[in-house]
Amino acid sequence: MLLTDKIKNVFPRITDVPKPLLNDIPYIQTGYLVDGEIRLWDGPRQEVISPVRIANNTGHKPLCIGEYPLLSETQASEALDAAVAAYDHGRGLWPTLSVAERISHMERFVFRMIKEKERVVRFLMWEVGKSLQDSEKEFNRTVQYINDTLAALKDLDRISSRFSIEEGIIGQIRRSPMGVVLCMGPFNYPLNETFTTLIPALVMGNTVILKPPKHGALLYAPLLDAFCDVFPKGVINVIYGEGRTMIPPLMASGKINVLGLIGTSRTANSLKKQHPNPNRIRCVLGLEAKNPAIVLKDADIDLAVKECVLGSLSFNGQRCTALKLLFVERSIADEFLAQFARAVNELPFGMPWQDGVFVTPVAEKGKTDYLNALVSDAVSHGSRVVNDQGGTICESFFFPAVLYPVNNKMRVYHEEQFGPVIPILAFDSIDEPIDYIINSNYGQQVSIFGKDPDQMAQLIDPLTNQVCRVNINCQCQRGPDTFPFTGRKDSAEGTLSVSDALRVFSIRTLVAAKKTDMNKEIITRIVRDHKSKFLATDFIL
Ligand code: G3H
């Protein structure tokens, strides 16, 4: 079949969809979790349309995979009240539980979560169009993240289970919770990235309001019961609906202590401004990026092509860490381009459940139009689509477009495309990519491809002061999750990693006393008789 026909016929008939994948589709969700109970909502609901379209004799039709509640400000404010009451100025049950007890709740949650894997993965696939294989990876990675977080918390607690004596003062230093945390994740990793803020926030003793992303909301349905059964009431509240309606009043209440948001700097800036006491809100943000690759003339071209394809097109380029602009040294540009375009056109594309599929339909409404506009704009400024059929659209499917040569007059040079458009440009002087990075609004990561240790070292040193991760001969990425993940400028605020996240959702607090006989006696009695959870030397084994 010709490539153009393959693209035109990318969507299946309903009879071609494997039956088990359609179990409980469409799923009508009416429950939301507030104050330890799943409340039923009989108001308006949001229809969820999958990026997968269904082919019929006359063309294509959207597939409704479910509905979720469109709550109002009132329910959001009830969730806030519940979280505030459960925290109770740090006196609530959850913030005063011992670390060991909080860990035991979380272990029960993971056990329940694993039982729901099949449904969560299936919703993830339908809602965002992620391949079944990558959806499973996202689930497994999240379970691993929770387990690693619990191990890191045990370590942190062990280190804190001792006294320090300095300058005649006895002190015990621990990390304490911050209060009420608002967690919001993105559609591209609706489970994993949301959980990378939710889990550390909870285990550190905070109470949480969680709003799932617009695409990737139904997948929380199988987890609601587990949240409800495992955690004390009000500790986790899950609300659904339009962020624009529900979230600003929460921020304006001044009762949110930490904003954990993986999204855009526009949203983050506008939410921050709503808070009446900016000094009282801590922000943990993962935002946009426009990570470049720099391919030097001595690079291993096969390797560079392979990594740049993965980097720019994994999950259709819908990753904040994706490579979004490729700078290739002019003397190898033609060879790189030819290999790159060939590799892109060899990528398996199709439906998320198909074995080995790589490129799938995109989730956001209007996204193919946006990508098409980027391509047209680039073409009008002198670029061309290098690969056969690049940029061909069928409904929500966009065949990856490789653009060359790209220059600074084009929108795609500046905007974060977050999709399968790969802009490439040739450079003569290394100052060109470096200047791009210096002048960019973003500062997350960069990939450099080359072999000469001297030249690589000369690049690494200045680049580490521009971005937060320099990748040598490989694509940009977040993992391993134990590594710090952050960015400069408009790319992030705060650092996430298994252990850093425990820190950003807590604050160092200490109890101190002059080393007098009376104080020594008080402290000894408290510790010996287990009278305090803070002032304690219990060691988690
Ligand atoms: O969208 C941003 C994600 O944090 C990227 O994670 O590099 O593992 O795909 P990843």
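Me: How much area do domain 1 and domain 2 bury between them in this predicted model?
Reply: Domain 1 and domain 2 bury about 1,700 Å² between them, with 62% of that on carbon and sulfur atoms. On the domain 1 side, Pro51, Phe187 and Asn188 lose the most area to domain 2, together 26% of what that side buries.

Me: Which residues make up domain 1 and domain 2, and how many of them are in contact?
Reply: Domain 1 spans 23-286 and domain 2 spans 291-480. Contact joins 20 residues of domain 1 to 20 residues of domain 2. The rule also finds 2 salt bridges across this interface.

Me: Why is the pair Arg53 and Glu395 called a salt bridge?
Reply: The N to O distance between their side chains is 3.6 Å. A salt bridge requires such a pair within 4 Å, so Arg53 and Glu395 qualify.

Me: Why does Asp377 have no salt bridge?
Reply: The nearest side chain of opposite charge, Arg411, is 5.2 Å away. The cut-off is 4 Å, so this pair does not count. Asp377 is nevertheless buried, and it touches Met410 and Arg411. Its place is in helix 13 (residues 367-380).

Me: What makes the largest nonpolar core lie between the domains?
Reply: Both domain 1 and domain 2 give residues to this core, so it lies between them. The core has 140 residues, and Phe195, Phe227, Phe336 and Phe340 have the most contacts inside it. Helix 6 (residues 132-160) supplies the largest share, 8 residues.

Me: Which residues does a second, separate core include?
Reply: This core of 27 residues includes Tyr413, Phe427, Ile434 and Tyr436.

Notes: Residues are numbered from 1 along each chain as its sequence is written. This is a predicted model: local features need pLDDT of at least 70, side-chain atom pairs count only at pLDDT 80 or more; totals for chains, interfaces and linings use all residues. Side-chain values use heavy atoms; hydrogens and water are left out. Helices (H or I, at least four residues) and strands (E, at least two) are DSSP runs, numbered from the N terminus. Buried means under 20% relative accessible area, exposed over 50%, partly exposed in between (1.4 Å probe, protein chains only). Lys and Arg count as positive and Asp and Glu as negative; His and the chain ends are not counted. Contact means heavy atoms within 4.5 Å. A nonpolar core is a set of buried Ala, Val, Leu, Ile, Met, Phe, Trp, Tyr and Cys residues joined through side-chain atoms within 4.5 Å. Domain bounds come from an automatic or database domain assignment. Buried area is the accessible area (1.4 Å probe) that two parts lose on being put together, summed over both. Lists of a residue's contacts leave out its neighbours within four places in sequence.
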